[in-house]
Protein chains: 2
Amino acid sequence: MTFRHNTTPQEDGFRMPGEFEQHRGCWMCWPERSDNWRLGAKPAQSAFTAVAEAINESEPVTVAVSPAQFNNARGRLSGSIRVVEMSYDDSWMRDVGPSFVVNDAGDMRAVDWDFNAWGGHYNGLYYPWDKDALVALKVAEIEGTDRYRSHFVLEGGSIHVDGEGTLITTEECLLSPGRNPDKTKEEIEDGLKKYLNLEKVLWVPRGVHLDETTGHVDNLLHYCAPGVVALTWTDDTSDRQYERSVEAYEYLCGVTDAKGRSLTIHKIHQPGPLFLTAEEAEGIDLTESGMDRAEGDRLAGSYCNFYIGNDRIVFPLLDESRDESAKQKLQEIFPDKKIVGIPGREILLGGGNIHCITQQVPK
Amino acid sequence: MTFRHNTTPQEDGFRMPGEFEQHRGCWMCWPERSDNWRLGAKPAQSAFTAVAEAINESEPVTVAVSPAQFNNARGRLSGSIRVVEMSYDDSWMRDVGPSFVVNDAGDMRAVDWDFNAWGGHYNGLYYPWDKDALVALKVAEIEGTDRYRSHFVLEGGSIHVDGEGTLITTEECLLSPGRNPDKTKEEIEDGLKKYLNLEKVLWVPRGVHLDETTGHVDNLLHYCAPGVVALTWTDDTSDRQYERSVEAYEYLCGVTDAKGRSLTIHKIHQPGPLFLTAEEAEGIDLTESGMDRAEGDRLAGSYCNFYIGNDRIVFPLLDESRDESAKQKLQEIFPDKKIVGIPGREILLGGGNIHCITQQVPK
């Protein structure tokens, strides 16, 4: 691979495609750390495996796994899933993996952001994060792509793009003092535009209530197609999520994208609210990390945290009373795709969901 | 990848090509263990880097490196060399990597042998070797090839093939009690034939004097083309190597290959003899491994331990008084290839040379 330090994707004519464009594959990491994943991560490994198998039916999946868990992952995953050794601090490929950009000639390159565990020493979730910080480079090496090194703290889950010049993020996240405190909003917007080849950045105020990523946009909403967004919602005006969803809805109703289009917004009612049980809390190693995992803690559950595969949507099943309506809504938004629900609670217990643990490689 | 447990390459029509056939690339490992490589492996890392760069000019090189050394290797190797994380016990890709086999349709598969550190608990060189034992699988995963799992102890350096049905090995190595003591010579020959698709196995009696691999054939000789072998030689009748080279020469003069051809044998005079210096011995960590590294130890140096790249031979420079004649001999054997000498002493100090640290991926 070649390191591209002196130019940006925008200068070189590379853009980040929308997740709804076709993929050549998908990367995931294997969950392992027992201070985040209960019962030695075994329930999470089952959930991740089910997600990997579901996506692998539609596009080739590669799972990165530490040396300690290599045999276990290789044994549990189907032979057609590629398993590669890689060290990491936790297993959020969306946030630690590269953002892939492509040009019109069909070339692909990787954007490698700075990673600081969702807030560094300000409000990051664990320390150290040095292994996570190398994952994007290591993925790019195996994919054989050139790499842009951006000295800009960003996780893949804090952005959504339409592939046509528009990016949606949240002010809560990208303007957090834990990310790029020395940069102004304009400088951050400028960096996003240069590295993802954008014309317009849309700034939703806040993400999902109690999301420990400081408001990642990918738990709040999903870009489903150019001009089309799915937004997590609640009808319960007393729910702390209500004002956040209303605020996002009103903001998105009032803006246009890079092409001048108004946005169509599909509301998907949230699950629950969901709370950590005593049994679930009991299964997690005690630790001094920033991850709070106590009985009764509210979980930041959202159906919008799904993955758009080549022929399917893989979304988390989180609440029996809401799963079916979420599925129907997704089928309305994606009439040509198969809608596949995978039990997602064990992923949610770790602090995210299906979108957070996946990273597509564009065609 | 698919695991092929129930068939063999021979049944499926796959054969191991000769090293002199064209490659799609080459794999290496990064040297690291300080009880084998002096001065924290830094001189060896320079030597391996020079080998990787020389081969990479002719075919794409991938270097597998542990997490601890990832940044160092990535920084020292050119950007066009692919660097991937992989754990290992030492850095002999020839011996721990897979043997690749191909069919006439252009498909490739990997043969994954058992590995026991050149002799297991009988006379192996270190313990444990569990990380080494997974390298072949991990390489196959990244290459995306199906894998045959052979429950047969074998290192890639203990065999040479002509790609046309003939294999050369040594009795000293493959009949050693440290490899497959429960198998007869006929059973071993049968296993080789099935997994590499052979018709004839040639059994040279012994390898190079004091070779700690128990006589690997790849330090003694090299298959240069079908019917053509380079053999390490000495004119010094008092040298302990003399009888071994004569014995091999006489054996090879008396046999025919799978196609019924007699062999043309090119003698390449050995370097030295070479001995470990006090300074070299001093730089190695004290250990309880089976690797003896004491001042005055004779080193098993051989110019036949070279790599055949797509357009070049990469061979070790080991003795100023012999290097040039070795180079001329190689140029005679390979008139169409560039002959590239790389300082090889630091590799030799670890127990092998350029062929031992490389593994070709056939076209």
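Which residue of chain A comes closest to the rotation axis? Glu85(A) does, with its C-alpha at 3.2 Å. This is a predicted model, in which local features need pLDDT of at least 70 and side-chain atom pairs count only at pLDDT 80 or more, while totals for chains, interfaces and linings use all residues. Residues are numbered from 1 along each chain as its sequence is written, chains are lettered from A in the order in which they are written, and side-chain values use heavy atoms, without hydrogens and water.

**View 1. The axis between the copies.** A turn of 180° with a shift of 0.0 Å along the axis lays chain A on chain B with an RMSD of 0.0 Å (least squares on the C-alpha atoms of residues with pLDDT of at least 70 in both). The two copies are therefore related as by a two-fold rotation axis. Both use the same surface, as 100% of the contact residues of chain A recur in chain B.

**View 2. The contact surface.** Chain A and chain B each bring 21 residues to the contact (heavy atoms within 4.5 Å). Together they bury about 1,700 Å², 55% of it on carbon and sulfur atoms (accessible area, 1.4 Å probe, lost on being put together and summed over both).

**View 3. A salt bridge up close.** Here the side chains of Glu85(A) and Lys138(B) meet, N to O, at 2.5 Å. Chain A and chain B share four salt bridges (a side-chain nitrogen of Lys or Arg within 4 Å of a carboxyl oxygen of Asp or Glu).

Note on methods
Buried area is the accessible area (1.4 Å probe) that two parts lose on being put together, summed over both.
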